[in-house]
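Q: I'm new to reading protein models and would like a slow walk through one small part. Please start from a single residue and work outward.

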Amino acid sequence: SGIMHASSLIQNILAAVSGKPISTNEEPKTGMTFAFFWGRVLMSLAILGFCLAVTLSALLNGQTSVAVKYPSISPGLAVFLLFFFMSIVGMLEGMQIAFFAVAKLPASERGTSFFGKKTCELLFRGNGENLPGFMIGRQLTVVC
């Protein structure tokens, strides 16, 4: 899972807010395992915070290629575009995870939502080229 364990903090916060326990096959963390887990979470938050501070500072001070290639884009707009495109990439990543999970379910268990049904019909229609096509398009979008 790499070095970015900040998502574990989000998972624990959402579990606490919802009142539902996290279902896992792991035993509860105790002792050094508990300390190591939260140490990794704190380290990933520090790395994430540093990267965000450097990126925002560079965008706001006009020290990026955005300021050179597109001088009409203000620093504030550049920051907005950063978060806008990061949100799109995040949604595409989430959709990939959801689509792989749904692909394992029989059609009868895929839910009752109108948009969910339409999405599944589109993904799994025909000879099955739509899901791999989405995955390739998602990857190209993330890379660009």
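At 11% or some other relative accessibility, does Cys120 count as buried or exposed?

A: Cys120 counts as buried, because its relative accessibility is 11%. The cut-offs are these: buried means under 20% relative accessible area, exposed means over 50%, and partly exposed is in between, using a 1.4 Å probe and protein chains only. Before we go on, keep in mind that this is a predicted model, where local features need pLDDT of at least 70, side-chain atom pairs count only at pLDDT 80 or more, and totals for chains, interfaces and linings use all residues. Residues are numbered from 1 along each chain as its sequence is written, and side-chain values use heavy atoms, leaving out hydrogens and water.

Now for another cysteine. Cys51 counts as partly exposed, because its relative accessibility is 40%. As for disulfides (pairs of cysteine sulfur atoms within 2.5 Å), the count comes to zero.

Let's look at charged side chains next. The structure holds three salt bridges, each being a side-chain nitrogen of Lys or Arg within 4 Å of a carboxyl oxygen of Asp or Glu. One of them joins Lys118 and Glu121, at 3.9 Å from N to O. Both residues sit in helix H5, which covers residues 114-124, and they are three residues apart, about one turn of the helix. (Helices here are DSSP runs of H or I with at least four residues, strands are E runs of at least two, and both are numbered from the N terminus.) Lys118 is partly exposed at 43% relative accessibility, and Glu121 is partly exposed too, with 45%.

Another salt bridge links Glu93 and Arg138, at 2.6 Å from N to O. Glu93 belongs to helix H4 and Arg138 to helix H6, so the pair ties together parts that are 45 residues apart in sequence. The partners have their own labels: Glu93 is partly exposed at 32% relative accessibility, while Arg138 is buried at 6%. Then there's the bridge between Lys29 and Glu26, at 3.3 Å from N to O. Lys29 is partly exposed at 31%, and Glu26 is exposed at 52%.

H4 and H6 turn up again in the greasy part of the model. The largest nonpolar core is made of six residues: Leu92, Phe99, Leu123, Leu131, Phe134 and Met135. A core here is a set of buried Ala, Val, Leu, Ile, Met, Phe, Trp, Tyr and Cys residues joined through side-chain atoms within 4.5 Å. Helix H4 (75-103) and helix H6 (130-143) each supply at least two of its residues, and H6 gives the most, with three. Leu123 is a good one to click on: leaving out residues up to four places away in sequence, Leu123 touches Phe99, Asn130, Leu131 and Phe134, where touching means heavy atoms within 4.5 Å.

Last stop, the outside. Met4, Leu42, Leu45 and Leu48 form a nonpolar patch on the surface, with about 350 Å² of accessible area together. Patches use residues with over 30% relative accessible area and no salt bridge, joining like charges within 9 Å and nonpolar side chains (Val, Leu, Ile, Met, Phe, Trp, Tyr) within 5 Å; the areas come from the Shrake-Rupley method with a 1.4 Å probe, and for residues only the protein chains shown count as cover. Leu45 lies in helix H2, residues 31-60, and counts as partly exposed at 32%. Leu52 is in H2 as well, and is partly exposed at 37%.
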